[in-house]
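Here is a friendly walk through one structure, with an eye on ligand contacts, a helix pair and a few individual residues. Have the viewer open as you read.

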Amino acid sequence: MKILVTGGAGFIGSNFVYLLLEERPDWKVVCVDALTYAANIHTLNDALKNPNFTFYKEDIRNREGIFEIFEKEHPDVVVNFAAESHVDRSIENPGIFLETNILGTQVMMDACRKYGIERFHQVGTDEVYGDLPLDRPDLFFHEDTPIHTSSPYSTSKASADLLALAYHRTYGLPVTISRCSNNYGPYQFPEKLIPLMINNASQDKKLPVYGEGLNVRDWLYVKDHCYGILAVLEKGKVGEVYNLGGHNEKANIEIVKIILEELGKPESLITYVADRKGHDQRYAIDPSKANKELGWGPTTMFKDGIKLTIDWYKNHMDWMNECTSGEYQNYYKEMYKDRV
Ligand code: NAD
Ligand code: DAU
């Protein structure tokens with residue numbers, strides 16, 4: 001089995017690469033990543049030492065380059081993680097989100113059509129369902145919840161999902177889609193809530209909580225997400241969508257306080273700042289289809305996963321410093337200057 005993973009130098013993609021190398025030692029893993037700001041090649045240091053692993057620096061928007069890789073590697077399965085993934089950046093600069101997330105996905109699927117494939121798996125997000133009100137804890141996202149996006153990011157991801165389903169219906173491409181809730185764990189770029197707050201708190205910097213910090217996200221440990229994708233590849237039905245999540249809803253302010261407590265830092269570091277435009281209130285996945293049909297469910301409890309995560313960042317401050325040197329400093333100044 002040869003599996004091609006796009007975006008494997010990013011957060012979830014790299015965790016998936018390591019899971020495959022560990023759990024499927026007879027598989028060949030080919031990683032394609034453009035190494036944007038969100039990637040860190042050092043994340044893949046251990047993978048690069050593994051003879052079952054091959055890396056290509058390539059942009060999924062580059063049709064010629066992607067086709068050349070397919071011609072050389074002839075993968076059996078493709079898992080498409082590569083994307084622009086940060087909502088705040090999509091609000092500032094939507095264009096690149098449409099290009100990478102929609103047109104890049106099209107290039108990957110065209111390569112699959114041309115060279116033949118057993119499965120194209122699109123890594124999707126629960127954000128395609130929009131949001132749920134805070135005062136209706138009885139409501140959840142199901143696979144047939146209408147698509148109703150809020151940000152340019154979620155709109156680009158919804159478009160990619162729809163395109164993948166169209167390629168399945170029109171061309172018979174063997175497509176599956178998973179839609180996951182918020183992930184946390186090692187190797188997440190510190191523009192996202194949890195690593196950003198860990199990084200700031202470690203340096204006694206202010207922790208910028210949007211609005212009142214009451215927005216709710218449904219957190220899943222990244223390794224559980226990766227096992228979910230593997231389950232879809234091995235047991236899922238072509239043409240189907242699977243929601244992945246673990247019924248672990250937390251308000252942002254709860255998360256920030258847990259991080260401060262774990263790091264032994266004072267709550268006075270919290271600073272409430274201007275809200276995100278169009279900020280989704282609550283995400284909550286109903287994962288019962290994946291539970292029933294794939295036998296998949298999360299195994300890491302949040303109280304354990306968050307400790308593992310905080311410890312990982314504490315022990316990998318060199319990795320964090322690589323991410324936050326250079327361009328990140330300008331990003332942080334620009335993104336947060338009007339908020340405080
Ligand atoms: P990330 O931003 O950490 O990583 C994205 C990776 O894709 C990076 O390595 C980057 O270099 C690469 N990339 C970006 N543009 C590219 C291009 N044009 N060509 C090739 N490579 C490119 O993202 P992530 O958080 O790991 O998310 C991975 C996927 O999972 C995305 O599709 C995202 O929408 C989805 N997802 C993320 C979450 C989450 O909580 N992080 C939850 C559900 C779904
Ligand atoms: O639900 C899945 C999605 O989760 C993925 O599709 C996205 O790729 C991923 O980035 C994530 O989106 P969110 O917007 O939920 O994640 P983020 O970490 O950016 O923000 C989480 C919450 O924390 C959100 O309510 C905004 C808030 N926040 C975020 C940052 C960066 C703050 O209050 N302060 C901050 O500085």
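A residue counts as buried when its relative accessible area is under 20%, as exposed when it is over 50%, and as partly exposed in between (1.4 Å probe, protein chains only). With 13% relative accessibility, Arg339 therefore falls in the buried class. Before going further, please note that this is a predicted model, in which local features need pLDDT of at least 70, side-chain atom pairs count only at pLDDT 80 or more, and totals for chains, interfaces and linings use all residues. Residues are numbered from 1 along each chain as its sequence is written, chains are lettered from A and ligands numbered from 1 in the order in which they are written, and side-chain values use heavy atoms, leaving out hydrogens and water.

**Two buried residues**

Arg339 sits in the segment after α13 (327-337); helices here are DSSP runs (H or I, at least four residues) and strands are E runs of at least two, numbered from the N terminus. Contact means heavy atoms within 4.5 Å. Leaving aside residues up to four places away in sequence, Arg339 touches Asp88, Tyr210, Val273, Ala274, Asp275 and Arg276. With Tyr210 there is also a side-chain polar contact of 3.3 Å. A polar contact is a pair of N or O atoms within 3.5 Å; within protein, one must be able to donate a hydrogen and the other to accept it, and residues adjacent in sequence count only if both atoms are side-chain atoms.

Ser90 belongs to helix α4 (residues 87-92) and is buried because its relative accessible area is 0%. Its side chain reaches the backbone nitrogen of Tyr153 at 3.1 Å. Beyond four places in sequence, Ser90 touches Phe97, Ser151, Pro152 and Tyr153.

**The two ligands**

Which residues are closest to ligand 1? They are Ile12, Asp33, Ser85, Tyr153 and Lys157, out of 29 residues that surround the ligand. Around ligand 2 there are 24 residues, the closest being Asp126, Tyr153, Arg276, His279 and Tyr336. A residue is near a molecule if one of its heavy atoms lies within 4 Å of it. Some polar distances are listed here.

| Ligand atom | Protein partner | Distance |
|---|---|---|
| Ligand 1, oxygen | Gly10, polar backbone atom | 2.9 Å |
| Ligand 1, nitrogen | Ala34, backbone N or O atom | 3.1 Å |
| Ligand 1, oxygen | Phe81, polar backbone atom | 3.0 Å |
| Ligand 2, oxygen | Glu127, side-chain N or O atom | 2.8 Å |
| Ligand 2, oxygen | Leu193, polar backbone atom | 2.8 Å |
| Ligand 2, oxygen | Arg217, side-chain N or O atom | 2.7 Å |

**A helix pair**

The axes of helix α1 (residues 11-23) and helix α8 (residues 222-235) come within 9 Å and cross at roughly 65 degrees. Axes are lines fitted to C-alpha atoms, for helices over the stretch in contact, and angles run from 0 to 180 degrees between N-to-C directions. Residues making the contact include Phe11, Ile12 and Phe16 of α1 and Tyr227, Ile229 and Leu233 of α8.

**Two loop residues with positive phi**

Asp204 is not a glycine, yet its phi is positive, about 55 degrees. It is found in the loop between α7 (193-202) and β8 (207-210), and its relative accessibility of 48% makes it partly exposed. His247, also not a glycine, has a positive phi of about 50 degrees. The loop holding His247 lies between β10 (241-244) and β11 (249-251), and His247 is partly exposed at 48% relative accessible area.
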